[in-house]
Amino acid sequence: TRAPASTWEERVAYCMRRVRGAYSLTVMTKDSLLGIRDPLGVRPLCIGKLDGGWVIASETCALDHVGATFIREVEPGEAVMVDGNGLRTIYQREREPEGNRGSCIFESIYFARPDSILGGKLVYASRMAMGAELAREHPVDADMVMGVPDTAIAAAVGYSQESGIPYGEGLVRNRYVGRTDRK
C-alpha cells in the first residue's frame, strides 16, 4: 500500500511506525538515497563517505571494497536521507530500552564477512571471543581444534588460544566448485 504522505520523510515515518520485523533498506529515489534500519537493530546498515559523496551499505567491508571511509552505523529505528542538502536523519524512532535491542546471531557467526565491523566490533574479533568463551564454558580433552571453513575458523582460533589445545586445519574448502548441496 502507499503511505498517505507527500514527502519521503513523512512516508518513511508512517511506514516505520507500522512495519514490524527485521530489515535494513537502501532505497534510491529520483533525487535522494535513503537508509532505513529496523527499530531493534537486528539487521546492520552503515554509512560511508567517498569522494565527497555518501555510501550506504549493509556491511563495512562493502565500503572498504569501493574505497569509502566508514562514518557510522545507521542507528536502530533510524532513517537517513542523502540528497542535495547532504546527509541527515529524517526519522528516529524512540529508542527501545537497552534490553529490547535485537541482533541476528547468524550475522555475527555466518552472514557477515570477518573484516566487517558490527556494533563497533570487528567480526573476526567477535568470533574469536565467542570461541574463547566456548572453551571456558565447555572445556574438552582433545588433540587439536579445527574450524569449518570459512566462518568458524576465527572461533576455532579463539577456542585454541583459550584452551591451549593446538589449532590445525582438518577441513579445506574447495574454492573451485560452487556449493555442494546434495539433492
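Let's begin at a loop: a polar side-chain atom of aspartate 38 sits 3.0 Å from the backbone nitrogen of valine 42. The model you are looking at is a predicted one. The same side chain, that of aspartate 38, also reaches the backbone nitrogen of leucine 40, at 3.2 Å. Aspartate 38 belongs to the loop that runs between strand S2 (33–37) and S3. Beyond its sequence neighbours up to four places away, aspartate 38 touches Gly21, Ala22, Tyr23, Arg43, Pro76 and Gly77.

What is the nearest side chain of opposite charge to aspartate 38? That side chain is arginine 37, 5.1 Å away; aspartate 38 is buried yet has no salt bridge. A salt bridge here requires a side-chain nitrogen of Lys or Arg within 4 Å of a carboxyl oxygen, so a pair beyond that cut-off is not counted.

Arginine 37 does have a partner elsewhere. It forms a salt bridge with glutamate 73, with 3.6 Å between the closest N and O atoms. This pair links distant parts of the chain, since arginine 37 is in strand S2 and glutamate 73 is in strand S5 (residues 69–73), 36 residues apart. Arginine 37 counts as buried because its relative accessible area is 6%, and glutamate 73 is buried as well, at 14% relative accessibility.

Strand S3 (residues 46–50) holds lysine 49. With a relative accessible area of 30%, lysine 49 is partly exposed. Lysine 49 and threonine 69 are 20 residues apart in sequence, while their C-alpha atoms are 5.2 Å apart in space. Leaving aside neighbours within four places in sequence, the contacts of lysine 49 are Trp54, Ala68, Thr69 and Ile71.

Now move to another acidic residue in a loop. Glutamate 59 lies between strand S4 (53–57) and helix H2 (60–66). Which side chain makes a polar contact with that of glutamate 59? The partner is serine 116, at 2.6 Å. Glutamate 59 is buried and has no salt bridge, the nearest side chain of opposite charge being arginine 113 at 5.6 Å. Not counting residues up to four places away in sequence, glutamate 59 touches Cys46, Phe111, Ala112, Arg113 and Ser116.

Arginine 113 pairs instead with aspartate 115 in a salt bridge, the closest N and O atoms being 2.6 Å apart. Arginine 113 is partly exposed at 43% relative accessibility, and aspartate 115 is partly exposed at 32%.

Next comes helix H3 (residues 105–111), which supplies the largest share, 5 residues, of a nonpolar patch. This surface patch covers about 550 Å² and is made by Ile105, Phe106, Ile109, Tyr110, Phe111 and Met130. Phenylalanine 106 lies in H3 and counts as partly exposed because its relative accessibility is 45%.

In helix H4, glutamate 133 and arginine 136 are about one helical turn apart because they are separated by 3 residues. Their side chains meet in a salt bridge at 2.9 Å, N to O. Both are partly exposed, glutamate 133 at 32% relative accessibility and arginine 136 at 46%. Across the whole structure, a search finds 9 salt bridges, and Glu9, Asp83 and Arg88 are linked in a network of them.

Helix H4 (123–137) is also what the buried residues of H5 pack against. In H5 (residues 153–163), the buried residues are Ala154, Ala156, Val157, Gly158, Tyr159 and Ser160. Just after H5, glycine 164 adopts a positive phi of about 80°.

Technical notes
Residues are numbered from 1 along each chain as its sequence is written. This is a predicted model: local features need pLDDT of at least 70, side-chain atom pairs count only at pLDDT 80 or more; totals for chains, interfaces and linings use all residues. Side-chain values use heavy atoms; hydrogens and water are left out. Helices (H or I, at least four residues) and strands (E, at least two) are DSSP runs, numbered from the N terminus. Buried means under 20% relative accessible area, exposed over 50%, partly exposed in between (1.4 Å probe, protein chains only). Lys and Arg count as positive and Asp and Glu as negative; His and the chain ends are not counted. A polar contact is a pair of N or O atoms within 3.5 Å; within protein, one must be able to donate a hydrogen and the other to accept it, and residues adjacent in sequence count only if both atoms are side-chain atoms. Contact means heavy atoms within 4.5 Å. Patches are made of residues with over 30% relative accessible area and no salt bridge: like charges are joined within 9 Å, nonpolar side chains (Val, Leu, Ile, Met, Phe, Trp, Tyr) within 5 Å. Accessible areas come from the Shrake-Rupley method with a 1.4 Å probe; for residues, only the protein chains shown count as cover.
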